Amino acid sequence: MKSYEVNFDGLVGPTHNYGGLSYGNVASQSNSQQSSNPKEAALQGLAKMKALMDMGFQQGVLAPQERPDVAALRRLGFSGTDAQVIERAAKEAMPLLVASCSASSMWVANAATVSPSADTADSRVHFTAANLNCKYHRSIEHPTTSRVLGAMFANQQHFAHHAALPAVAQFGDEGAANHTRFCREYGEAGVEFFVFGRSAFDNRFPAPQKYPARQTLEASQAVARLHGLRDEGVVYAQQNPDVIDQGVFHNDVIAVGNGEVLFYHEDAFLETDKMLAELQGKLAKVGGNFQSVCVPRSAVTVDDAVRSYLFNSQLLSRPDGSMLLIVPQECQANERVWTYLQSLTSAGGLIREVKVFDLKQSMQNGGGPACLRLRVALNETELAAVNPGVIMTAPLYGSLTAWVEKHYRDRLSETDLTDPQLLLECRTALDELTQILKLGAVYPFQIN
Ligand code: SUG
């Protein structure tokens with residue numbers, strides 16, 4: 001049976017803004033307070049989805065969330081009508097209002113961890129929503145994420161959904177951004193690679209000194225257990241704490257994998273040789289030939305990687321077996337990174353082509369091409385069981401573009417977030433979106 005890697009991209013929400021909310025994420029910190037352009041952000045994301053679809057890849061779309069999250073503000077003690085809740089939060093606790101307005105659910109690589117059916121004990125595709133509890137503005141995403149994923153992958157015969165892990169730092173889980181899967185064919189058993197930043201219970205693992213390590217070993221292990229993965233099909237590795245302290249807040253900022261290939265920076269991991277040997281050995285047991293492409297620090301520094309998002313790229317398999325790398329424009333702007341990419345593609349290795357996308361609106365918050373997509377490997381039967389409303393087609397691209405043009409503002413500053421009208425605009429837009437994507441009622445305002 002045929003199998004595919006389907007990229008579900010997060011549609012940027014109408015409140016996309018630069019809140020400076022993510023300590024440890026250099027771009028989020030340095031662009032704080034700038035005004036944003038939500039319309040441009042959403043159109044840039046849609047253009048990437050359309051381009052990948054046009055290149056013949058399977059492409060889906062994941063809906064944004066209701067913001068400002070008035071229910072979250074109510075849980076923090078703000079009361080009255082929705083407009084009063086927003087006005088009171090604006091007056092008394094602006095940082096909480098900003099957090100409740102974040103469109104951060106667009107970075108769907110953090111929405112969940114997904115294990116394909118070929119890896120799991122019950123042969124279903126498993127999803128665990130990420131608790132994202134390192135940052136308040138992200139910790140409020142998972143209830144709606146679970147409902148949206150439930151509406152997209154609604155067939156219980158093929159899809160199993162797990163609630164987010166307990167919402168404490170010891171189980172900090174950032175989803176697929178710290179998870180990669182190696183395999184020969186997408187429909188065959190593979191090796192799932194979990195990268196953690198620290199251990200919550202075992203102090204033999206070093207931790208970063210400056211910035212938070214968002215993913216714990218214990219969270220990754222819990223996800224592997226929930227998904228029913230075999231020990232032989234799992235490899236855990238620790239991210240180098242020094243690179244976390246240089247702004248590598250997720251593993252997908254310093255490494256990307258696909259098929260049998262891991263593309264990574266020399267400084268990405270601890271005990272790299274041991275890790276590579278384990279990946280090689282375990283993939284060989286399921287018939288795969290693990291290959292790695294290491295980018296030396298002499299060619300590209302960690303700082304270059306953080307600024308350009310070279311590794312936050314999409315590594316895609318083409319029908320002839322070669323690979324294509326989807327990178328953000330910032331890679332072209334960095335001379336060392338661009339020189340490296342030229343030599344990589346001309347070397348005649350596996351990665352033959354680089355395609356550049358303008359994702360500046362998302363990049364300014366630390367979200368590149370890979371952050372914007374959640375990969376779900378599906379066989380033909382499973383793909384047919386996905387809600388067809390969320391699979392990208394030319395007409396859907398047209399509808400979504402028109403929807404963005406109709407509902408989104410082209411400028412948003414912090415003061416605009418205090419305007420209760422923004423909530424109404426967002427709800428009107430999302431109500432229409434659930435009809436376009438055939439999701440049913442998934443948002444708090446549609447349910448309560
Ligand atoms: O969690 N930025 C996100 C970026 C997530 C990128 N995802 C992956 N690497 N997979 C984060 O730090 C910034 C929001 C703001 O500052 O307004 C933010 O949440």
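Here are some short exercises on this structure, each with a worked solution.

The model is predicted, so local features are used at pLDDT of at least 70 and side-chain atom pairs at pLDDT 80 or more, while totals for chains, interfaces and linings use all residues. Residues are numbered from 1 along each chain as its sequence is written, and side-chain values use heavy atoms, with hydrogens and water left out.

**Exercise 1. The whole protein**

Find how many helices and strands the protein has, and work out how its radius of gyration stands against the globule rule.

Step 1. The count gives 18 helices and 15 strands. Both are DSSP runs numbered from the N terminus: helices are H or I with at least four residues, strands are E with at least two.

Step 2. The radius of gyration is 21 Å, close to the 22 Å that the globule rule gives for 448 residues, so the protein is as compact as a globular protein of that length. The radius is taken over C-alpha atoms, and the rule is 2.2 Å times the number of residues to the power 0.38.

Step 3. For the outline, the C-alpha trace spans about 60 × 45 × 45 Å along its principal axes.

Step 4. Of the 448 residues, 60% are buried. Buried means under 20% relative accessible area, exposed means over 50%, and partly exposed is in between (1.4 Å probe, protein chains only).

Step 5. Turn to contacts, meaning heavy atoms within 4.5 Å. Among those with a separation of 6 or more, 76% are between residues 24 or more positions apart.

**Exercise 2. T128 and its surroundings**

Decide whether T128 is buried or exposed, then find which side chain makes a polar contact with the side chain of T128.

Step 1. Locate T128: it sits in strand β4, residues 125-129.

Step 2. Its relative accessibility is 0%, so T128 counts as buried.

Step 3. Setting aside neighbours within four places in sequence, list what T128 contacts: A111, A112, T113, H162, A163, D173, V223, L226 and H227.

Step 4. The side chain of H227 is the partner, joined to that of T128 by a polar contact of 2.7 Å. Such a contact is a pair of N or O atoms within 3.5 Å; within protein, one must be able to donate a hydrogen and the other to accept it, and residues adjacent in sequence count only if both atoms are side-chain atoms.

**Exercise 3. Helix α8**

Explain why helix α8 can be called largely enclosed, and find what covers its buried residues.

Step 1. Helix α8 covers residues 217-226, and 7 of its 10 residues are buried, so the rest of the structure largely encloses it.

Step 2. Name the buried ones: L217, E218, A219, S220, A222, V223 and A224.

Step 3. Their cover includes the strands β3 (112-115), β4, β7 (191-196) and β8 (234-238).

Step 4. Look past the helix to G228, which follows α8 and has a positive phi near 70°.

**Exercise 4. Two residues of helix α6**

R138 and Y136 both belong to helix α6. Find which of the two labels, buried or partly exposed, goes with each.

Step 1. With a relative accessible area of 4%, R138 is buried.

Step 2. At 32% relative accessibility, Y136 counts as partly exposed.

Step 3. Beyond four places in sequence, R138 contacts S104, S105, W107, N110, N131 and L132. A polar atom of the R138 side chain lies 3.4 Å from the backbone oxygen of W107.

Step 4. With the four-place neighbours again left out, Y136 touches A72, L76 and A99.

**Exercise 5. Backbone details in loops**

Find where L132 and E271 lie, and what sign their phi angles have.

Step 1. L132 is in the loop between β4 and α6 (136-139). Although L132 is not a glycine, its phi is positive, about 50°.

Step 2. E271 is in the loop between β10 (261-265) and α10 (272-285). Its phi is also positive at about 50°, and E271 is not a glycine.

Step 3. Check the surroundings: L132 counts as buried at 1% relative accessibility, whereas E271 is exposed with a relative accessible area of 57%.

Step 4. Finish with P68, in the loop between β2 (59-62) and α3 (70-75). The peptide bond from R67 to P68 is cis, with omega near -5°.
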